Amino acid sequence: MYFDRDTLLSLLAYARDMHPREIFLVIRGRRFKDGILVEDFLLPTSTILGEGFAVFNPYTIPIDFKIIGTVHSHPSGVLKPSIDDYNHMYGFIMVIIAYPYASISDVAVFDAKGEPLKFEVI
Ligand SMILES: [Zn+2]
């Protein structure tokens, strides 16, 4: 599992800008034999950003085969999926970025079963 460095840095900056509101985005990338590469992200048009919640309707995501999962922020600083997160898995991976959104140590990636995935920034 790999993360494009610029993409990761942009996500951290965006989460910082929006704090204390939660961000919710879909991520795009490529799947290949030994993993997944996250290349970029986009904002689903119907996403409502608010304090402590982000509402998202998967049916409004454009049909795009490069979409591999979602990313959202935890302004609380907790770097673990909530029960709600497990119930709203979409795609292959779920990325969580937690306050203070300062570095790679504020980022965690989980697979569709909610298991943590190791990742590298390239
Ligand atoms: Zn969450």
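A residue is called buried here if 20 or more other C-beta atoms lie within 10 Å of its own. By that count, 25% of the 122 residues of this protein are buried. What you have in front of you is a predicted model, with a mean pLDDT of 86 and 84% of the residues at 70 or more.

Confidence varies by element. Strand E4, residues 48–50, has the lowest mean pLDDT of the elements, at 52, and E7 has the highest, at 96. Where pLDDT is low, the predicted coordinates should not be read in detail. I will leave E4 alone for that reason.

Now the layout. There are two helices and 10 strands. Starting at the N terminus, the order of elements is β-α-β-β-β-β-β-α-β-β-β-β. Of the contacts with a separation of 6 or more, 59% are between residues 24 or more positions apart.

The sheet comes next. Eight strands make an open sheet, in the order E9-E8-E7-E6-E2-E3-E1-E10, with mixed pairing. E9, residues 116–117, and E10, residues 120–121, are the edge strands; each has a single partner strand, so one side of each lacks a neighbour in the sheet. Helix H1 packs on this sheet and touches E1, E3, E6, E7, E8 and E10. The direction of H1 makes about 45° with that of E3.

Look at E2 with its two partners. On one side, E2 pairs with E6 in the antiparallel sense, over five bridges. Within that pair, Ile27 has Gly69 of E6 as its bridge partner. On the other side, E2 and E3 also run antiparallel, and seven bridges join them. Arg28 is bridged to Asp40 in E3, and Phe32 to Gly35, also in E3. The two strands form a hairpin, with two residues between them.

On to the interior. In soluble globular proteins, nonpolar side chains tend to be buried together. In this model the largest nonpolar core has 24 residues, and Leu25, Ile27, Val71, Val95 and Ile97 have the most contacts inside it. At least two core residues come from each of H1 (5–18), E2 (24–32), E3 (35–42), E6 (67–74), E7 (93–98) and E8 (107–111). E7 is the biggest contributor, with five residues.

Which residues does Leu25 contact, once neighbours within four places in sequence are set aside? They are Phe41, Leu42, Leu43, Thr70 and Val71.

Leu42, one of those contacts, sits in strand E3. Is Leu42 buried or partly exposed? Leu42 has 14 C-beta neighbours inside 10 Å, so it counts as partly exposed. With neighbours up to four places away left out, its contacts are Leu25, Val26 and Arg28. The C-alpha atoms of Leu42 and Phe24 are separated by 9.2 Å, and these two residues are 18 apart along the chain.

Met94, in strand E7, is another case. Met94 has 23 C-beta neighbours inside 10 Å and therefore counts as buried. Beyond four places in sequence, Met94 touches Gly69, Thr70, Pro81, Asp85, Met89 and Phe110. From Met94 to Gly114 is 20 residues in sequence, and 8.0 Å in space between C-alpha atoms.

Last, some backbone details in the loops. Pro20 lies in the loop between H1 and E2, and the peptide bond from His19 to Pro20 is cis, with omega near 10°. There is also a cis peptide bond between Tyr99 and Pro100, with omega about 10°; Pro100 is in the loop between E7 and E8.

That loop between E7 and E8 also holds Tyr101. Tyr101 is not a glycine, yet its phi is positive, about 55°. Why does Tyr101 count as buried? Because 22 other C-beta atoms lie within 10 Å of its own, and the cut-off is 20 or more.

To recap: the model is predicted, with an open sheet of eight strands in mixed pairing, H1 packed on that sheet, and a largest nonpolar core of 24 residues to which E7 gives the most. The loop between E7 and E8 holds Pro100 and Tyr101. That is where I will stop.

Note on methods. Residues are numbered from 1 along each chain as its sequence is written. This is a predicted model: local features need pLDDT of at least 70, side-chain atom pairs count only at pLDDT 80 or more; totals for chains, interfaces and linings use all residues. A nonpolar core is a set of buried Ala, Val, Leu, Ile, Met, Phe, Trp, Tyr and Cys residues joined through C-beta atoms within 7 Å. A residue is buried if 20 or more other C-beta atoms lie within 10 Å of its own, exposed if 12 or fewer, and partly exposed in between; C-beta atoms are placed from the backbone. Helices (H or I, at least four residues) and strands (E, at least two) are DSSP runs, numbered from the N terminus. Two residues are in contact if their C-beta atoms, placed from the backbone, lie within 7 Å. Two strands pair if DSSP finds at least two bridges between them. pLDDT is the predictor's confidence in each residue, from 0 to 100. Axes are lines fitted to C-alpha atoms, for helices over the stretch in contact, and angles run from 0 to 180 degrees between N-to-C directions.
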